[in-house]
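Me: Could you take a close look at one part of this model for me? I'd like to start from a single helix and then see what lies around the rest of the structure.

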2 protein chains.
Amino acid sequence: MKKYSIISPEIKEVLKLPDKTEKLRELFKDMLPRDSYVLAEGLEPEEIAEIIIALGQEKGSKLLEEFPVNEQRDIFTDLPYLLQKGILEKLPTDEQIDLVKNIPKKLASKLLSVIPSADRKDIKKFIGYAEDTAGAVLTTEYASVPADVTAEKALLLVRDQAFNRETIYYVYVLNNDKKLLGFLSLKDILVSPPDKIVSEIMHTEVITSNVNDDREHVARKIANYDFLAIPVVDNENHMLGIVTVDDVIDVIKEEHTEDFLRHGAAGDLFDYAGSSPAHVAKHRILWLLILVVMGFVSGTVMQKYEAQLQAVVALAFFIPLLCDSGGNAGTQSSTIVIRGLATGEVKIKDVFKIFQKEFFTGVIVGGAMGILGAVRAIFMNKDPLLALTVGIAMIATVIVATTLGAILPFIFKKMKLDPALMSGPFITSIVDIVSLFVYLQCAVWIFN
Amino acid sequence: MKKYSIISPEIKEVLKLPDKTEKLRELFKDMLPRDSYVLAEGLEPEEIAEIIIALGQEKGSKLLEEFPVNEQRDIFTDLPYLLQKGILEKLPTDEQIDLVKNIPKKLASKLLSVIPSADRKDIKKFIGYAEDTAGAVLTTEYASVPADVTAEKALLLVRDQAFNRETIYYVYVLNNDKKLLGFLSLKDILVSPPDKIVSEIMHTEVITSNVNDDREHVARKIANYDFLAIPVVDNENHMLGIVTVDDVIDVIKEEHTEDFLRHGAAGDLFDYAGSSPAHVAKHRILWLLILVVMGFVSGTVMQKYEAQLQAVVALAFFIPLLCDSGGNAGTQSSTIVIRGLATGEVKIKDVFKIFQKEFFTGVIVGGAMGILGAVRAIFMNKDPLLALTVGIAMIATVIVATTLGAILPFIFKKMKLDPALMSGPFITSIVDIVSLFVYLQCAVWIFN
């Protein structure tokens with residue numbers, strides 16, 4: 001049904017035409033902001049600025065919103081001053097704050113001094129909130145009505161607010177002091193008899209978020225309740241703004257990225273694409289060095305068995321295999337448990353059940369791996385004692401690994417740390433030490 | 001603002017009272033479905049069924065919807081027949097399908113024969129779609145209007161549909177043949193002059209999904225465009241249903257879980273909590289055995305250097321450290337690249353830029369780790385040649401690991417495989433082989 005007749009490289013040609021303004025307006029006429037973005041993405045900031053100039057405040061601000069914040073900054077600084085002012089006014093509060101934080105300080109304070117005082121007050125009020133709180137992601141463009149009007153009047157009030165609200169599908173009922181009294185969906189208003197008073201039809205048990213709540217917490221609330229938005233209030237229940245469902249998706253994505261990176265011991269979320277190797281290295285080095293130091297222990301364990309290794313040097317051939325196998329089995333079980341704890345499929349009280357499950361899983365997979373390892377040892381060295389040692393050590397290592405990998409995330413969770421910090425590499429390092437000890441001690445028993 | 005005075009264990013007491021029906025109704029009176037769920041979660045299916053019986057069709061079906069599908073099944077089969085019928089009718093199409101698929105076949109066909117024919121037709125129509133397509137997650141409860149009515153009339157039509165639609169905030173314009181002509185938001189209708197004709201105010205460029213589209217694709221569309229819902233059509237543009245934003249969040253979560261598990265080499269998504277160890281083992285064993293076989297190569301490499309290991313047995317002490325360090329550095333860079341490819345922060349064309357970045361990152365972190373490793377070797381064995389070998393091998397290994405970890409996901413992506421399959425354990429196994437070769441070859445050069 002929906003087709004646009006232009007592709008990205010052609011835009012560069014259009015930008016060179018003398019009548020580019022009309023051409024650009026024509027091109028982007030019926031396009032949704034997202035499609036305009038897909039088309040403009042990859043152009044230089046100055047070129048995107050030219051498109052925004054052609055589109056004007058209204059459509060231009062919608063297009064600008066689609067870009068990531070670091071690109072927004074570059075495009076925005078390329079716009080003429082009056083358009084900067086106009087666009088800043090058009091943006092919802094959370095986007096205004098992101099932009100003001102990122103553009104040069106001088107430009108920011110100049111713009112802040114000329115925009116309407118309501119916008120200025122909102123920006124100044126919320127710019128101080130920490131980046132991961134509700135205060136930093138809310139928007140003040142919500143619809144509200146007083147409690148003492150009729151449903152019919154409320155519908156008219158909402159209609160009048162429709163043009164500059166993020167959503168009018170949720171309507172908040174406030175008193176003169178802006179305290180939140182209740183909540184209505186637009187549907188509630190529509191289906192109610194026109195002469196009913198708002199206070200009679202509103203829901204008074206409103207699920208709210210505090211302005212200082214963690215934004216992940218807010219996102220999870222919206223997602224769990226299947227809301228389109230949630231009101232944000234201060235400690236005295238004054239309405240400050242709303243967080244909408246589209247922000248939730250972004251938050252959930254970031255949260256997942258964080259877990260993913262932590263589990264790969266790759267540090268916290270940062271702008272990888274825009275960072276130098278030195279900066280990337282800074283993000284990773286701490287974990288790597290900690291793991292190197294943990295690796296020292298494995299050397300010490302081996303040193304204790306120097307005589308045995310000297311006597312049967314072939315023992316060493318299987319060390320990487322054993323260590324890796326333990327690490328792999330442990331990574332698998334920790335991955336499942338960490339993810340289960342994050343989604344709620346696994347709960348702290350399940351720890352014993354999971355221990356049991358992982359123990360028996362370890363017996364099964366360890367058994368299979370032990371047989372495979374022993375067969376390999378027989379073919380490689382024709383030494384049945386070595387094969388026996390490898391087989392037994394493999395089984396023991398894998399059982400220790402699956403159970404340890406499953407239990408450690410619980411311990412982290414119990415200590416109020418993110419279970420995802422229990423990374424694959426961390427588990428591997430711990431399991432290695434155990435594997436080496438089990439393997440070499442088995443060797444001592446079996447060969448002597 | 002919102003407080004309920006009851007906690008979960010108390011419910012069990014309430015269920016024993018002779019007047020439990022009234023007590024339960026009182027308890028759950030003003031509660032949102034999600035809060036009712038939180039309260040009832042953890043009870044036995046029969047107990048939850050009793051609550052649903054007390055709450056009746058309307059509120060009962062909302063509560064049932066909150067449970068995961070396997071629990072839904074157990075609760076549902078404990079309900080009396082008439083309530084089963086009533087609840088099945090109340091559910092949106094996608095939930096109906098999930099339930100019908102999961103309850104015993106006999107019960108399903110019995111229920112299907114008695115529910116209204118419109119519901120039956122919908123269920124039979126969409127139950128055949130593959131689980132991961134739009135057809136399997138859509139609901140037919142959308143609001144629609146004809147093209148030739150006025151805005152005023154359209155508002156009345158929507159109001160009349162309000163009670164049994166998933167959302168009335170998006171309104172679809174259909175012809176007599178149910179072909180999709182256009183789309184209006186409820187806001188568009190509200191703010192338009194009452195006597196305007198729908199066909200004049202509707203948007204005709206509608207973003208749609210095909211019924212056979214992958215649901216991840218549909219979810220991404222809704223998220224990218226910040227829609228509340230997207231219409232699903234067949235190849236002739238007949239309107240079949242809508243997918244709503246709350247489904248998107250579930251899809252995104254599952255997608256992330258899949259990536260997370262794959263990167264931990266923990267197999268695909270499955271019901272971990274409900275699986276036996278044998279079943280869990282089945283999910284993991286393939287990867288583990290593949291990795292064991294890959295580990296054979298490291299043994300072969302070491303065997304080639306048997307003489308060197310025999311001569312300087314202390315060389316073996318640093319093998320786990322080196323292998324782990326390479327694996328860790330490779331896991332870090334692969335984690336970042338896999339995640340970047342999934343979120344779109346990293347694109348295929350960036351491969352050379354990323355190779356460079358990871359190479360230099362490897363030089364920096366490898367340098368630091370090499371120094372630390374060499375210092376350790378000096379203290380442990382007082383042998384400067386050994387320390388030199390460990391240091392050089394560490395640097396080389398880490399550089400190979402960071403670059404390989406970054407490049408392999410690109411190769412998977414290029415081969416149209418999920419880059420997340422390039423798991424930490426897989427990278428570790430490959431890097432191990434390289435590390436051992438580099439380390440032992442360095443030893444030969446340095447000691448001889």
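Reply: Let's start with H21(A), which is mostly covered: 17 of its 24 residues are buried. Keep in mind that this is a predicted model. H21(A) covers residues 424–447 of chain A, and at 1.5 Å a residue its 24 residues should span 34 Å; the end C-alpha atoms are 33 Å apart, which agrees.

H20(A) gives a similar kind of check. At 1.5 Å a residue, the 31 residues of this helix, 384–414 of chain A, should span 45 Å, and its end C-alpha atoms are 45 Å apart, so that agrees. H20(A) is mostly covered too, with 23 of its 31 residues buried. Just after H20(A) comes Lys416(A), with a positive phi of about 65°.

For contrast, try a loop. Pro68(A) sits between helix H4 (45–66) and helix H5 (69–77) of chain A. Pro68(A) has 13 C-beta neighbours inside 10 Å, so it counts as partly exposed. From the C-alpha atom of Pro68(A) to that of Phe410(A), 342 residues away along the chain, the separation is 36 Å.

Now the cores. The largest nonpolar core holds 142 residues, and the members that touch the most others are Val171(A), Val243(A), Val171(B) and Val243(B). A second, separate core has 126 residues, among them Met302(A), Leu440(A), Leu309(B) and Leu341(B). In general, nonpolar side chains tend to be buried together in soluble globular proteins. Back in the largest core, and setting aside neighbours within four places in sequence, the contacts of Val171(A) are Ala143(A), Ser144(A), Val145(A), Val158(A), Leu184(A), Leu186(A) and Ile189(A).

Over in chain B, strand S2 (residues 167–174) runs antiparallel to strand S3 (residues 180–185), and 5 bridges join them. Tyr172(B), for instance, has Phe183(B) in S3(B) as its bridge partner. S2(B) and S3(B) make a hairpin with 5 residues between them, and in the turn Lys178(B) has a positive phi of about 65°.

There's also an open sheet of 3 strands in chain B, in the order S4-S5-S6 and with mixed pairing. Strand S4 (209–210) and strand S6 (239–244) stand at its edges with a single partner strand each, so one side of each has no neighbour in the sheet. Strand S5 (residues 229–233) pairs with S6(B) in the antiparallel sense over 5 bridges. Ala229(B) has Thr244(B) in S6(B) as its bridge partner.

Thr139(B) is worth a stop as well. It's in the loop between helix H10 (134–137) and strand S1 (142–145) of chain B, yet Thr139(B) counts as buried because it has 24 C-beta neighbours inside 10 Å. Not counting residues up to four places away in sequence, Thr139(B) touches Pro92(B), Thr93(B), Asp94(B), Glu166(B), Gly241(B) and Ile242(B). The C-alpha atoms of Thr139(B) and Pro231(B) are separated by 9.7 Å, with their positions 92 residues apart along the chain.

Finally, zoom out to the pair of chains. A turn of 180° and a shift of 0.0 Å along the axis lay chain B on chain A with an RMSD of 0.3 Å. That's the relation of a two-fold axis. The contact takes 98 residues from chain B and 97 residues from chain A. On chain B, the side touching chain A has 55 nonpolar, 25 polar and 18 charged residues. Since 99% of the interface residues of chain B are also interface residues in chain A, the copies meet through the same surface.

Notes:
Residues are numbered from 1 along each chain as its sequence is written. Chains are lettered from A and ligands numbered from 1 in the order in which they are written. This is a predicted model: local features need pLDDT of at least 70, side-chain atom pairs count only at pLDDT 80 or more; totals for chains, interfaces and linings use all residues. Copies are superposed by least squares on the C-alpha atoms of residues with pLDDT of at least 70 in both. Two residues are in contact if their C-beta atoms, placed from the backbone, lie within 7 Å. Ala, Val, Leu, Ile, Met, Phe, Trp, Tyr, Cys and Pro count as nonpolar, Asp, Glu, Lys and Arg as charged, and the others, Gly among them, as polar. A nonpolar core is a set of buried Ala, Val, Leu, Ile, Met, Phe, Trp, Tyr and Cys residues joined through C-beta atoms within 7 Å. A residue is buried if 20 or more other C-beta atoms lie within 10 Å of its own, exposed if 12 or fewer, and partly exposed in between; C-beta atoms are placed from the backbone. Two strands pair if DSSP finds at least two bridges between them. Helices (H or I, at least four residues) and strands (E, at least two) are DSSP runs, numbered from the N terminus. The expected span of a helix is 1.5 Å times one less than its number of residues.
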